[in-house]
Amino acid sequence: MSAPADDFDEFVRAYTPTLLRTAYLLTGDQHHAEDLVQSALARAHRSWHRIDDSPFGYVRRTMYHLQVATWRRRRIREWLGSTTTEPIPEPDVAAAADIRLILQKALAQLTDKQRAVIVLRFYEDRSVEDTAAVLRCSTGTVKSQTAKALGRLRQLMPSMAGLLEGRL
């Protein structure tokens, strides 16, 4: 039987890339994502002896809670991009990289709560109830934030509205 520290090291090596992708979608910034994953893993390390069933779920839930706490503490809103609104360029549907960049830019223009709901509902394919439990809010809040976020994404990316409709 391996030592608990060895188990934690194996866990970190195996799941860090996946956790970083999710953290990036939540924060919209690579450096903030790395900090978020590091903070969540530090908390998991302190509680590693108590985590029995799903360490990946524990760390991911910790990341969500840390990020929501960050959003609640933030008093000054950070604005990404310039103050002038520039139209998003028409994407080349054949180029997945272009679509990803456009979607990234549009996601950055959503509110923090809307972005979190979109990531949980569509990237992680969670139900409304699961999303509400992770974000510690009501199912009605999840539904309304999803509707507002999708409406905003349709405004920001009119050429991809059909793609958004097809995923729902």
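**Charges, helices and salt bridges**

Visitor: Where is aspartate 9 found?
Guide: Aspartate 9 belongs to helix H1 (residues 4–27). Helices are DSSP runs of H or I, at least four residues; strands are runs of E, at least two; both are numbered from the N terminus.

Visitor: Is this a predicted model? What applies to it?
Guide: This is a predicted model: local features need pLDDT of at least 70, side-chain atom pairs need 80 or more, and totals for chains, interfaces and linings use all residues. Residues are numbered from 1 along each chain as its sequence is written, and side-chain values use heavy atoms, without hydrogens or water.

Visitor: What is the mean pLDDT of the protein chain?
Guide: The mean is 80 (pLDDT is the predictor's confidence per residue, from 0 to 100), and 76% of the residues reach 70 or more.

Visitor: Where is confidence lowest, and where highest?
Guide: Helix H8 (residues 161–167) is lowest, at a mean of 53. Helix H2 (residues 30–46) is highest, at 92.

Visitor: How many helices and strands are there?
Guide: Eight helices and zero strands. Along the sequence the pattern reads α-α-α-α-α-α-α-α.

Visitor: Back to aspartate 9. Buried or exposed?
Guide: In between. Aspartate 9 is partly exposed, at 37% relative accessible area. Buried means under 20%, exposed over 50%, partly exposed in between (1.4 Å probe, protein chains only).

Visitor: Which residues gather with it in the negative patch?
Guide: Asp6, Asp7 and Glu10 join Asp9 in that surface patch. Patch residues have over 30% relative accessible area and no salt bridge, with like charges joined within 9 Å.

Visitor: And which residues form the positive patch?
Guide: Arg61, Arg72, Lys113 and Arg136. Lysine 113 lies in helix H5 (residues 112–123) and is partly exposed at 40%. Arginine 136 sits in the loop between H6 and helix H7 (139–156), and is exposed at 62%.

Visitor: What is the phi of arginine 136?
Guide: About 55°, a positive value, although arginine 136 is not a glycine. Aspartate 125 is another non-glycine with positive phi, near 55°. Aspartate 125 is in the loop between H5 and H6 and counts as exposed, at 66%.

Visitor: New topic. How many salt bridges are in the whole structure?
Guide: Three. A salt bridge is a side-chain nitrogen of Lys or Arg within 4 Å of a carboxyl oxygen of Asp or Glu.

Visitor: What does arginine 60 pair with?
Guide: Glutamate 124, with the closest N and O atoms 3.7 Å apart. Arginine 60 lies in helix H3 (residues 55–73) and glutamate 124 in the loop between H5 and helix H6 (128–135), so the pair ties together parts 64 residues apart in sequence.

Visitor: Which other residue does glutamate 124 meet in a salt bridge?
Guide: Arginine 126, at 3.1 Å, N to O. Arg60, Glu124 and Arg126 are thus linked in a network of salt bridges.

Visitor: Is arginine 60 buried or exposed? What about glutamate 124?
Guide: Arginine 60 is buried at 18%, and glutamate 124 is buried at 17%. Arginine 126 is buried too, at 16%.

Visitor: What about aspartate 112; which residue is its partner?
Guide: Arginine 115, with the closest N and O atoms 3.5 Å apart. The two are three residues apart in helix H5, so about one helical turn separates them. Both are buried.

Visitor: How much of the protein chain is buried?
Guide: Buried residues make up 36% of its 168 residues.

Methods. Patches are made of residues with over 30% relative accessible area and no salt bridge: like charges are joined within 9 Å, nonpolar side chains (Val, Leu, Ile, Met, Phe, Trp, Tyr) within 5 Å. Accessible areas come from the Shrake-Rupley method with a 1.4 Å probe; for residues, only the protein chains shown count as cover. Lys and Arg count as positive and Asp and Glu as negative; His and the chain ends are not counted. The place of a charge is taken as NZ of Lys, CZ of Arg, CG of Asp or CD of Glu.
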